[in-house]
Amino acid sequence: MKINLKSIQDVLISLLIVITTNSIYVNTGDSNKLIPILALVVIIATVLELISSKINYNYFKIILTTVLIYLVVCITNIFISFNSLSINEILFYFVIAPLMLILLMFKNFNDQLVDFLNTFVKIILIFAIVSLIFWVFGSILKVVHPTNIVINNWNGGLPTPSYFNLYFETQGIHFFGTTIIRNSGIFAEAPMWSLMLSSAFIIQELFLENSIKRLSLLTLTILTTVSTTGIFVIGLLLIYRVLMLKKSLFKYVSLITIPIVIYALLQVWEEKSDSISASIRFDDYIAGFLAWRANFFFGSGLTLGLKAIESNMNTLIRTNLGYSNSLFVILAQGGVILGIFYLYPVISVLIKKGVSIDTKMFALLFIILLFTAIFIDTPLFILFIGIFYALILNRESR
C-alpha cells in the first residue's frame, strides 16, 4: 500500500492548527512544545511541496514578494517598537506564518487547497463528536465524571475539570434564565471552540461539497457553546443560502424562514446585550481604538499591542483584562502597515469583479470574526490570511 505523504502532512498540519489555536494544551504548564512541532511539520511540508510542485515563474515571484513584504513588515515593527520575542514567537512570526502562506498559495495553484480544507474540516468534526459525547454525558447528565484537574492559564490559572484530557469544562453561562456548562471542547474557553467550529462551518458551506450531516453536526456543536458569534454565523449563512436559491416554489417558501431567523438572532443579541459582557465588549472597541490612535502607522509592537490596549481599558466595569476582537489587536500591534498586509486580500476579494459570491461571503464572514473574536497570532488566523492571498494571487498570475 502506497503511503500518500501529502495526505499525512495535511492531517498533521490541520491537527496542529486546531490544537495550537488557544486550546488547553497550549495554555497549561510552563512551556508550549507544540509550536516547535508545528514549525517542524510546516517546514517539511513546504519543502515537499516545493519539490513536487510544478509552478510557473511569475507565480513563484508573486509568492516570494508577498512573503518578503510580510517579513519586512514584521522586522520593521520589531525594530521600531524595540520588542523582544520569545522562541515560540520567533517561530510563529518568522517560520510558521510565512511558510504557511507559501504552502497554501502553492496548494491553491496546484488545485489542492480544497482537499486540504476538507481535511481541516474533518479534523474539527472528530473533535466535535468527542466534545458532544462528553458534554451530554458529563457536563449535562453527569453520567461520566471528570478524571482529573488541569490549570488553565488562559483564565488566570483557575483549576479546570478534565475528562481524559479530551474535553474540559472551562465555564458556565446564564442564558435565557438557565445556567449551563458551555461546551468548550479542548479549548481554553467556549468562544474559542465556537470560533473553530464556525470556521469549519464557513469553509464547509462555501468551499466544499454540500453535506447536511456535516453542517448539522457543526450547527449542533456550535449551539452547545452558547456563543453569540457562532449563532450569528449559522443564522447569516442560512439567510445567505435562502437568498441564493434559484427561483422556485421552494425558494419562496424558504423566504418565510428569514424573518424567523432574524427574530431569533435579535433575541440572542438582546439577551447578550442585557449582560455586563456587552458593556465590556463595547469598552474593548474603545480601548483598541485608543491604543491604535497612539501609534497609528506602526503600532506598539507585535508583543506589546495587547498591553497597549489593556492600558486603555475601563477597569471599573470588568474583573479581568480579557479582550474580545482581533481587528484592533492587529492595528495596535502593527498599525496601518500590518493592517494593510492582513486586510488587503480580504478587501480585494470583496471589491474585485469576477470573484464568486461565495468567496465574497467568505470575506464578509471573516471580517465579522475579526470584530467578534480574538485569534490574531494563531495558526487559524494565518490559515485564513493564507487562503485569501492564495485566492487573489492565483487569479492575478493567470
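These are my notebook entries on a predicted model.

**Ground rules**

I count residues from 1 along each chain as its sequence is written. The model is predicted, so I use local features only at pLDDT of at least 70 and side-chain atom pairs only at pLDDT 80 or more, while totals for chains, interfaces and linings use all residues, and side-chain values rest on heavy atoms, with hydrogens and water left out.

**Entry 1: the whole chain**

I began with the overall tally, and the protein chain has 15 helices and 5 strands. Helices (H or I, at least four residues) and strands (E, at least two) are DSSP runs, numbered from the N terminus. I then looked up burial: of the 398 residues in the protein chain, 52% are buried. Buried means under 20% relative accessible area, exposed means over 50%, and partly exposed is in between (1.4 Å probe, protein chains only). Next came contacts, meaning heavy atoms within 4.5 Å. Among contacts in the protein chain with a separation of 6 or more, 70% are between residues 24 or more positions apart.

**Entry 2: helix H1 and its surroundings**

I picked two neighbours in helix H1, which covers residues 5-19. Is Gln9 buried or exposed? Gln9 is buried, because its relative accessible area is 5%. Setting aside residues up to four places away in sequence, I find Gln9 touching Ala45, Leu48, Glu49 and Lys107.

Ile8 also sits in H1, and this residue counts as partly exposed because its relative accessibility is 39%. I checked its distance to Thr119: the two are 111 residues apart in sequence, with 10.0 Å between their C-alpha atoms.

From the other side I looked up Ile123, which is found in helix H5. Ile123 has 11% relative accessibility, so I log this residue as buried. Which residues does Ile123 contact, leaving aside neighbours within four places in sequence? I list Val11, Ser14, Leu15 and Val18. For Ser14 I also noted the C-alpha separation from Ile123, which is 6.9 Å across 109 residues of chain.

**Entry 3: H5 against H6**

Staying with H5 (residues 113-140), I looked at how it meets H6 (residues 190-207): their axes come within 10 Å and cross at roughly 135°. Axes here are lines fitted to C-alpha atoms, for helices over the stretch in contact, and angles run from 0 to 180 degrees between N-to-C directions. H5 and H6 are therefore oblique to each other. Angles under 35 degrees count as roughly parallel, over 145 as roughly antiparallel, 65 to 115 as roughly perpendicular, and the rest as oblique.

I wrote down who makes the contact. H5 brings Val114, Leu117, Phe120, Val121, Ile124, Phe127, Ala128 and Ser131. H6 brings Trp193, Met196, Leu197, Ala200, Ile203, Gln204 and Phe207. By class, that contact has 13 nonpolar residues, 2 polar and no charged. For the classes, Ala, Val, Leu, Ile, Met, Phe, Trp, Tyr, Cys and Pro count as nonpolar, Asp, Glu, Lys and Arg as charged, and the others, Gly among them, as polar.

**Entry 4: H3 against H13**

I next turned to H3 (residues 57-81) and H13 (residues 327-351), whose axes come within 10 Å and cross at roughly 175°. That angle makes H3 roughly antiparallel to H13. On H3, the contact is made by Thr66, Ile69, Tyr70, Val73 and Asn77. On H13, I find Gln333, Gly334, Ile337, Leu338, Phe341 and Tyr342. I sorted this contact into 7 nonpolar residues, 4 polar and no charged.

**Entry 5: the small strands**

Last stop was an open sheet of 3 strands, in the order E1-E2-E3, with antiparallel pairing. E1 and E3 are the edge strands, each pairing on one side only. Two strands pair if DSSP finds at least two bridges between them.

How many bridges join E1 to E2? I count 5, between residues 148-152 and residues 158-163. Among the partners, Val150 stands opposite Thr160 in E2, and Ile149 is bridged to Pro161. The hairpin of E1 and E2 has 5 residues between the strands, and there Gly156 takes a positive phi near 90°.

E2 is joined to E3 (residues 167-168) by 2 bridges. One partnership I noted is Tyr163 with Tyr167 in E3. In this hairpin, with 3 residues between the strands, Phe164 takes a positive phi near 55°.
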